[in-house]
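Open your viewer and get a cartoon view ready, with side chains a click away. We will start from the inside and work outwards, one selection after another.

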Amino acid sequence: MMTVKDAIKNRFSVRAFTDQKVPKDVISNIINLAKCAPSGVNSQPWKVYVLLDEKKELLSKDVINLFDNGQTEENEYLIYPKDRPDWYKERQRAVGYGLYKALGIERDDIAGRLNQIKQNFNFFGAPVGMFITVDRSVGPNGWGHVGHFIQNICLAAIEEGMGTCLQEAWAEFPETVKKHIKHSDDEIVWCGISLGYPDLNHPVNKFRTGRESLEVFTEFL
Ligand SMILES: Cc1cc2nc3c(=O)[nH]c(=O)nc-3n(C[C@H](O)[C@H](O)[C@H](O)COP(=O)(O)O)c2cc1C
């Protein structure tokens, strides 16, 4: 019997998946569980778009084509802070270092690094691609409410024996994503989610991130 603690502890960003398909009712179960997330005034300012099979492949093809040609699109929100403080840079560097090390990609292997970034747009080989949008009318606290929902998707997936990778990388190509998912002008695409059964033999899935100790970010007053 899986506990909440198990699910939280077992979750990690999965960046390689098996070919095993995910039945639609299992995806619906995950979303139905995730929607129990709290949100201010029960506003539920999220929407979900699920892409399978050809729909998913067509989007990947379009975005990978843009990526390969070095084409960019105007981002709808600031994905990374403009002036990154040192603590942010350090943690970002550590995660990149660990990820590329697990994959055997050397520091100066720019092509190898770009290729790994590109895997985002193939949903890391996952059978299910999702997009989460936030209603434009809500401010930063509303984005936080959608965050609860997103975390619930990740935990509900663990309960089903699956894994996820959240992907703000998709926010780099909002126009092309919109052409495929056709969300309303009232919504902003926050992130994509790769969902499926983790390929636990793949080296990328051996990589785990650390966390700061409680004293670094908690004060008991
Ligand atoms: C909103 C959000 C967006 C993310 N976007 C990406 C992404 O585009 N590509 C990626 O490989 N990982 C992405 N990640 C995963 C983070 O790098 C990861 O959560 C973090 O390094 C901690 O590792 P863990 O999830 O394995 O515990 C994202 C995470 C979050 C919460």
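A nonpolar core, as the term is used on this tour, is a set of buried Ala, Val, Leu, Ile, Met, Phe, Trp, Tyr and Cys residues joined through side-chain atoms within 4.5 Å. Please keep in mind throughout that this is a predicted model.

**Stop 1: the largest core**

Select I132, I153, M162 and W190 and show their side chains. These are the residues with the most contacts inside the largest nonpolar core, which has 29 residues. Next, colour the elements that give two or more residues to this core: α2 (24-34), β1 (46-52), β2 (128-135), α6 (140-159) and β4 (187-196). Which of them gives the most? It is α6, with seven residues.

Now keep W190 selected and ask for its surroundings. Apart from neighbours within four places in sequence, W190 is in contact with Y77, I132, T133, V134, W143, V146, G147, I150, E168 and A171. I132, another of the residues with the most contacts in the core, is on that list of partners.

**Stop 2: a second core**

Leave W190 and select F12, A126, V177 and I181. They are included in a second, separate core, this one of 21 residues.

**Stop 3: the whole fold**

Zoom out to the full cartoon. How many helices and strands does the protein have? There are eight helices and four strands, and walking along the sequence you meet them in the pattern α-α-β-α-α-α-β-α-β-α-β-α.

For a sense of scale, the C-alpha trace spans about 50 × 45 × 40 Å along its principal axes. The radius of gyration is 18 Å, which agrees with the value near 17 Å that a compact globule of 221 residues would have. Of the contacts between residues at least 6 apart in sequence, 84% join residues at least 24 apart.

Switch on the surface for a moment. The accessible surface comes to about 13,300 Å², and 52% of that belongs to carbon and sulfur atoms. Of the 221 residues, 40% count as buried. If you colour by charge, you will find 27 positive and 30 negative side chains, and the centres of the two sets lie 2 Å apart.

**Stop 4: the loop between α5 and β2**

Hide the surface and go to F123, in the loop between α5 (110-118) and β2. F124 lies in this loop too. Check the backbone angles here: F123 has a positive phi of about 50° although it is not a glycine, and for F124, also not a glycine, phi is again positive at about 50°.

Are these two residues buried or exposed? F123 counts as buried because its relative accessibility is 0%, and F124 counts as buried at 6%.

**Stop 5: S60, a partner of F123**

Select S60, in helix α3 (residues 53-68). With a relative accessible area of 5%, S60 is buried. Setting aside neighbours within four places in sequence, its contacts are F121, N122, F123 and W170, so keep F123 on display as you look around.

**Stop 6: G129, also touching F123**

Move on to G129 in strand β2. G129 counts as buried, with a relative accessibility of 0%. Beyond its neighbours within four places in sequence, G129 is in contact with Y49, V50, L51, K56, F123 and I193. For a distance to try with your ruler, pick the C-alpha atoms of G129 and D6: they are 25 Å apart in space and 123 residues apart in sequence.

**Stop 7: H145 on helix α6**

Return to helix α6, where H145 is found. How buried is H145? Its relative accessibility is 15%, and since buried means under 20%, H145 makes the cut. Not counting residues up to four places away in sequence, H145 touches P38, S39, G40, S43, P45 and W46.

**Stop 8: Q44, and a last ruler check**

Finish at Q44, in the loop between α2 and β1. Q44 is partly exposed, with a relative accessible area of 37%. Draw one more line from its C-alpha to that of G112: the two atoms are separated by 40 Å, for residues 68 apart along the chain.

Technical notes:
Residues numbered from 1 in each chain as written. Predicted model: local features only at pLDDT ≥ 70, side-chain atom pairs only at ≥ 80, totals over all residues. Heavy atoms only, no water. Rg over C-alpha atoms; globule rule 2.2 N^0.38 Å. Buried < 20%, exposed > 50% of the residue type's maximum accessible area, 1.4 Å probe, protein only. Contact = heavy atoms within 4.5 Å. Areas by Shrake-Rupley, 256 points an atom, 1.4 Å probe, with all protein chains shown as cover. Lys, Arg positive; Asp, Glu negative; His and termini not counted. Charge placed at Lys NZ, Arg CZ, Asp CG, Glu CD.
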